[in-house]
Every structure is written in C-alpha cells, then in structure tokens.
Amino acid sequence: MRMRMAAEGVCLIVVVLGWFGVSKGEVYKVGDSAGWTTIGNIDYKLWSATKTFQLGDVIVFEYNPQFHNVMQVVHSEYKACNASSPISTHTTGNDSIAINTHGHHFFVCGVPGHCQSGQKLDINVLRSPSPTPSFSAPLPPPAVPSPSPSAAPPCLQLRRLLPNFLLFYLLITLFA
Ligand SMILES: [Cu+2]
C-alpha cells in the first residue's frame, strides 16, 4: 500500500510539473554574466548567434539603470543607432521581454554613444522547419518515440485523466 501511494505520488508530481512546464519558453540573460553593458566590448551579435530563439522565450536585460536603458527599435534605426523613436523603452535595469512573434527583434541602448560602441542586439526567431499544429503546442517528451503520430505520449494522456486521478488519489489517502 505504502509503495503504491509513493509511486502514485511521484507520478502525480511528474504530471503536475509537466502541466505547468508546458508552454514555458527559455529565459536568456543578454550578455550572460556581463549583462547589458558597454564594458568589455561584448559582441552581442555573437551572443545572439549562439542561441536558437523560439516563440515564448524571454530575454532579460540586466544593467545599471543609471547608465543604460533598453529600447526596441525598427531595423533601420538599429542599423543607424537611432533611438529617437523607439517602439518601446525599458528602464528598470532588470527588464524581461517576452518574444512572441517570429522574425527580428532589434534592441539598442538609448544612451548617446552606447549603440555605436556595440550595445545593440538582434534577436531573430526563425520559423520552425516542421509545421506545428498550434501556437502553444507542447513539445513532445524527449527520446520517447510514440508508436504512431496520432498516439499521445503517456504523460499527455495522464494529463487528461488528471481530475479523475486526483479524486482517486484523495480516496486512497482518506481510506489508507
Ligand atoms: Cu548603454
């Protein structure tokens, strides 16, 4: 009895965690440990090129707001380092920006001279090569090939059964 409850408890945790984890994107800190800065001549182009950004990812700019800011701009302004008419401006020093559309997202620091010295960022979200059924489709679990394309992975089936499973678990706990 005890073993069974333990096993069910573990499974429940897995299912619940999976539930919450479904549509979460990756979180990327711009410039990694260096953050968003002009110090050290960070190559933000290189930083960006080493990542594969996807819809739902979150880009975090960490910087001292006394010295820097974040402005999202269009391509021409990114190229020209023109921050006079940004799409949006962020100034907290710890700005999380969710990337929810495909294509390029251009950011510059609006402090004079900073963009020119390299504080500019291009986040490109490529369209996925294989067609996805919907915007928020959960990723399939790794390394478990399903027998047929239509068969849902075990955890997805469990998720659908979760309400029943919770009731069952409650009964087991009450009458154990
Ligand atoms: Cu700056």
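Let us start at Y63, which sits in the loop between strand 2 and strand 3. In this predicted model, Y63 counts as buried, because 24 C-beta neighbours lie inside 10 Å and the cut-off for burial is 20 or more. Which residues does Y63 touch, leaving out those up to four places away in sequence? They are G35, W36, T37, H68 and G93. T37 is 26 residues away from Y63 in sequence, yet the two C-alpha atoms are 6.5 Å apart in space.

From this loop we can step back to the chain as a whole. It has five helices and seven strands, and reading along the sequence gives the pattern α-β-α-β-β-α-β-β-β-β-α-α. The chain has 176 residues, of which 17% count as buried. Taking contacts between residues at least 6 apart in sequence, 71% join residues that are at least 24 apart.

Now follow strand 2 into its sheet. Strands 1, 2 and 5 form an open sheet in the order 1-2-5, with mixed pairing. Strand 1 and strand 5 (94–98) stand at the edges with a single partner strand each, so one side of each has no neighbour in the sheet. On average, neighbouring strands here are turned by 20 degrees against each other, direction ignored. In general, strands of a sheet pair through backbone hydrogen bonds, either parallel or antiparallel.

Both senses of pairing can be found around strand 2. Strand 1 and strand 2 run parallel and pair over three bridges, with V27 opposite V58 in strand 2. Strand 2 and strand 5 run antiparallel and are joined by five bridges. Here V58 stands opposite A98 in strand 5, while E62 stands opposite N94 in strand 5. Strand 2 also has two faces to look for: I59 and F61 make up the covered one, and V58, V60 and E62 make up the uncovered one. Together, strand 1, helix 2 and strand 2 make a right-handed β-α-β unit.

On the way from strand 1 (27–29) to helix 2 (44–49), the loop holds N41. Its phi is near 45 degrees, a positive value in a residue other than glycine. Is N41 buried or exposed? N41 is exposed, because 11 other C-beta atoms lie within 10 Å and the limit for an exposed residue is 12 or fewer. C81 also has a positive phi, near 55 degrees, and is likewise a residue other than glycine. C81 lies in the loop between helix 3 (75–80) and strand 4. With 19 other C-beta atoms within 10 Å, C81 is partly exposed.

Strand 4 brings us to the other sheet. Four strands form this open sheet in the order 4-3-6-7, and their pairing is antiparallel. Its edges are strand 4 (88–90) and strand 7 (120–125), each with a single partner strand, so one side of each is left without a neighbour in the sheet. From one strand to the next, the twist averages 25 degrees. Strand 6 (residues 103–108) and strand 7 are antiparallel partners over six bridges, and the bridge partner of F106 in strand 7 is D122.

Where do nonpolar residues gather? In soluble globular proteins, nonpolar side chains tend to be buried together. The largest nonpolar core in this model has 19 residues, and those touching the most other members are F61, V70, M71, V73, F107 and V108. Strand 2 (58–62), strand 3 (70–73), strand 6 and strand 7 are the elements that each give two or more residues to this core. V70 is a good place to pause: apart from residues up to four places away in sequence, V70 touches W36, F61, H90, D95, F107 and C109.

Finally, a word on confidence. The chain has a mean pLDDT of 78, and 60% of its residues reach 70 or more. Over residues 149–153 the pLDDT is below 50, and this stretch has six contacts in the model beyond near neighbours in sequence. Residues 165–172 also have a pLDDT under 50, and the model gives them six contacts beyond four places in sequence.

How values were computed
Residues are numbered from 1 along each chain as its sequence is written. This is a predicted model: local features need pLDDT of at least 70, side-chain atom pairs count only at pLDDT 80 or more; totals for chains, interfaces and linings use all residues. Two strands pair if DSSP finds at least two bridges between them. Axes are lines fitted to C-alpha atoms, for helices over the stretch in contact, and angles run from 0 to 180 degrees between N-to-C directions. A nonpolar core is a set of buried Ala, Val, Leu, Ile, Met, Phe, Trp, Tyr and Cys residues joined through C-beta atoms within 7 Å. Two residues are in contact if their C-beta atoms, placed from the backbone, lie within 7 Å. pLDDT is the predictor's confidence in each residue, from 0 to 100. A crossover is right-handed if, with the strands pointing away from the viewer, the path from the first strand over the helix to the second runs clockwise.
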